[in-house]
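Me: I am new to this structure and would like a close look at a single part of it. Could you walk me through how the helices meet and what sits along that meeting place?

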Amino acid sequence: MSAGDGVSLNGDDVVDMDPVDTAKEMTVVDAEGTHLESTWNPIKAALPGPGTFGHGLLGLKFNTRTSGPDTSIRPAADGVPQFYHNISAAGTQLVKAYLAHDAEAAGYILVQLS
């Protein structure tokens, strides 16, 4: 860890977090998941089904070459919005854990100083 890596902000090899900014960013990440859902679903509904994109010899060749990737990309794309929601939820829990452990450490230091 170093001062430029976004993890150890002051170069002391300890994880640093700005909980207020991090919590705000988790809201942004969650909103991106919602945006992806609302934009992907209409696009997905408008896409031609696998193997139905073209016609004639060229279309047949295109459909043959793209049907495998098509059947794997669609389900993968469906899961992307949930991935963003999961990252946001995990990040929110990490902020709470960070604050709890920070308070615990501060309490320990105060006991040692008294």
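Reply: Here is a walk through the place where the helices meet, followed by a few residues one by one. Please keep in mind that this is a predicted model, so every value below was computed from it.

Let us begin with the whole chain. The secondary structure of the protein chain amounts to two helices and zero strands. The chain has 114 residues, of which 12% count as buried. If you take the contacts between residues at least 6 apart in sequence, 61% of them join residues at least 24 apart.

Now to the helices themselves. H1 covers residues 19-46 and H2 covers residues 56-113. Their axes come within 9 Å and cross at roughly 165°. An angle over 145 degrees counts as roughly antiparallel, and H1 and H2 are therefore roughly antiparallel to each other. As for the sense of the crossing, H1 passes H2 in a left-handed one. The residues that make up this contact of H1 with H2 include 14 nonpolar ones, together with eight polar and six charged.

With that frame in place, you can follow some residues of H2. A good one to start with is serine 88, which lies in helix H2. Its relative accessibility is 6%, so serine 88 counts as buried. Setting aside residues up to four places away in sequence, serine 88 touches Met26, Thr27, Val29 and Asp30.

Next comes histidine 85, also placed in helix H2. Histidine 85 has a relative accessibility of 14% and therefore counts as buried. Apart from neighbours within four places in sequence, histidine 85 is in contact with Asp30, Gly33, Thr34 and Glu37. One of these partners, threonine 34, is 51 residues away from histidine 85 in sequence, yet the two are 7.9 Å apart in space, C-alpha to C-alpha.

Glutamine 82 is another residue of helix H2. With a relative accessible area of 41%, glutamine 82 is partly exposed. Between the C-alpha atoms of glutamine 82 and aspartate 30 there are 8.9 Å, although 52 residues separate the two along the chain.

Two aromatic residues deserve a stop as well. A pair of aromatic rings is described by the distance of the centres and the angle of the planes. The structure holds one aromatic pair. Phenylalanine 83 and tyrosine 84 form it, with 6.3 Å from centre to centre and 85° between the planes, an edge-to-face arrangement. Phenylalanine 83 counts as exposed because its relative accessibility is 52%, while tyrosine 84, at 31%, counts as partly exposed.

The last stop is asparagine 63, which lies in helix H2 too. Asparagine 63 counts as buried, since its relative accessibility is 8%. Not counting residues up to four places away in sequence, asparagine 63 touches Gly51, Thr52, Phe53 and Gly54.

To gather the picture: H1 and H2 are roughly antiparallel, and their crossing is left-handed. Seen from H2, serine 88 touches Asp30 among others, and histidine 85 is also in contact with Asp30. If you turn the model in your viewer, those residues make a friendly place to begin.

Conventions: Residues are numbered from 1 along each chain as its sequence is written. This is a predicted model: local features need pLDDT of at least 70, side-chain atom pairs count only at pLDDT 80 or more; totals for chains, interfaces and linings use all residues. Side-chain values use heavy atoms; hydrogens and water are left out. Axes are lines fitted to C-alpha atoms, for helices over the stretch in contact, and angles run from 0 to 180 degrees between N-to-C directions. Helices (H or I, at least four residues) and strands (E, at least two) are DSSP runs, numbered from the N terminus. Angles under 35 degrees count as roughly parallel, over 145 as roughly antiparallel, 65 to 115 as roughly perpendicular and the rest as oblique. A crossing is left-handed if the near helix is turned anticlockwise from the far one by less than a right angle, and right-handed if clockwise. Ala, Val, Leu, Ile, Met, Phe, Trp, Tyr, Cys and Pro count as nonpolar, Asp, Glu, Lys and Arg as charged, and the others, Gly among them, as polar. Buried means under 20% relative accessible area, exposed over 50%, partly exposed in between (1.4 Å probe, protein chains only). Contact means heavy atoms within 4.5 Å. Rings of Phe, Tyr and Trp (its six-membered ring) pair if their centres lie within 6.5 Å; planes under 30 degrees apart count as stacked, over 60 as edge-to-face and the rest as tilted.
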